[in-house]
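Here are some exercises to work through with the model open beside you. Try each task before you read its solution.

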Amino acid sequence: MATTVRRLALPLALGVSLFVSGCTGFGYISQTYVSQVPQVVTIGCNEPYEIYDNRQRRRVLVVSNALREATGCDVGSLGAGRPPAETRAARFRTAARTYLDETVREDCKITGETVFSDLQTEFAYACDAPVEPRGTVVPRLPGRRTQR
């Protein structure tokens, strides 16, 4: 009996920790970005990234796609000849910075970064300007068109 418990302890602990961490990230993302319409920013060699912007919390979620993360694309000389995983942090940060610049928030600074998965990273940012009240018309980038 003790051997069986000992043998199952590590896989059970790993499974529970992965389950809890996955649910926590998914729950947070769902709660924070559920009402946000994605916008698309393009960097590098025409790499589109979906951006979910929660202006009230001053956070943006940068979302890539699995194909890009498998095949990669260089971001200038920074990514030349390197695997996509090595350039991921720089690409996501560049996408977030480009998005802030293109939505007239050049003065905002990225202050934090949370990696949820290989496809999703959230960036916190701070701006000198106050947070806009809900319903304020703000500059927007084009989004993805849904095919019906």
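**Exercise 1.** Find which side chain makes a polar contact with the side chain of R105, and work out whether R105 is buried or exposed.

*Solution.* Start at the tip: the R105 side chain makes a polar contact with the side chain of Y125, at 2.8 Å. By polar contact we mean a pair of N or O atoms within 3.5 Å; within protein, one must be able to donate a hydrogen and the other to accept it, and residues adjacent in sequence count only if both atoms are side-chain atoms. Keep in mind that this is a predicted model, where local features need pLDDT of at least 70 and side-chain atom pairs count only at pLDDT 80 or more, while totals for chains, interfaces and linings use all residues. Residues are numbered from 1 along each chain as its sequence is written, and side-chain values use heavy atoms, with hydrogens and water left out.

Next, place the residue: R105 sits in the loop between α3 (84–102) and β4. Helices (H or I, at least four residues) and strands (E, at least two) are DSSP runs, numbered from the N terminus. Now list its surroundings. Leaving aside neighbours within four places in sequence, R105 is in contact (heavy atoms within 4.5 Å) with D53, R55, R97, Y99, L100 and Y125. Last, check the accessibility: R105 counts as buried because its relative accessible area is 6%. The cut-offs are under 20% relative accessible area for buried, over 50% for exposed, and partly exposed in between (1.4 Å probe, protein chains only).

**Exercise 2.** Track down the disulfide and say which parts of the chain it links.

*Solution.* There's one disulfide to look for, a disulfide being a pair of cysteine sulfur atoms within 2.5 Å. The cysteines are C108 and C127, with their sulfur atoms 1.8 Å apart. The pair links distant parts of the chain: C108 is in the loop between α3 and β4, C127 is in the segment after β5, and they are 19 residues apart. Look down the S-S bond and you get 105°, a right-handed link. Both C108 and C127 are buried.

**Exercise 3.** Work out how β2, β3, β4 and β5 are paired.

*Solution.* First, the rule: two strands pair if DSSP finds at least two bridges between them. Take β4 (residues 109–115) and β5 (residues 120–126): they run antiparallel and are joined by six bridges. To get your register, match K109 with its bridge partner A126 in β5. Four residues lie between β4 and β5 in this hairpin.

Now go to β2 (47–54) and β3 (59–63). Five bridges join this antiparallel pair, and Y52 has L61 in β3 as its bridge partner. They also form a hairpin with four residues between them, and R58 in the turn has a positive phi of about 55°.

Then tie the hairpins together: β3 and β5 run antiparallel with five bridges between them, and V63 stands opposite Q120 in β5. Finally, ask how enclosed β3 is. Four of its five residues are buried, so β3 is largely enclosed by the rest of the structure.

**Exercise 4.** Find what R57 touches, and see what the side chain of S30 is doing.

*Solution.* R57 is in the loop between β2 and β3. At a relative accessible area of 42%, R57 is partly exposed. Not counting residues up to four places away in sequence, R57 touches Y28, Q31 and T32. With T32 there's a side-chain polar contact of 3.1 Å; the two C-alpha atoms are separated by 8.6 Å, though the residues are 25 apart along the chain.

Now move to S30 in helix α1. A polar atom of the S30 side chain lies 2.9 Å from the backbone oxygen of F26. S30 counts as partly exposed, at 29% relative accessibility.

**Exercise 5.** Step back and describe the overall layout.

*Solution.* Count the elements: three helices and five strands. Read along the sequence, they follow the pattern α-β-β-β-α-α-β-β. Of the 148 residues, 32% count as buried. For contact range, take contacts between residues at least 6 apart in sequence: 55% of these join residues at least 24 apart.
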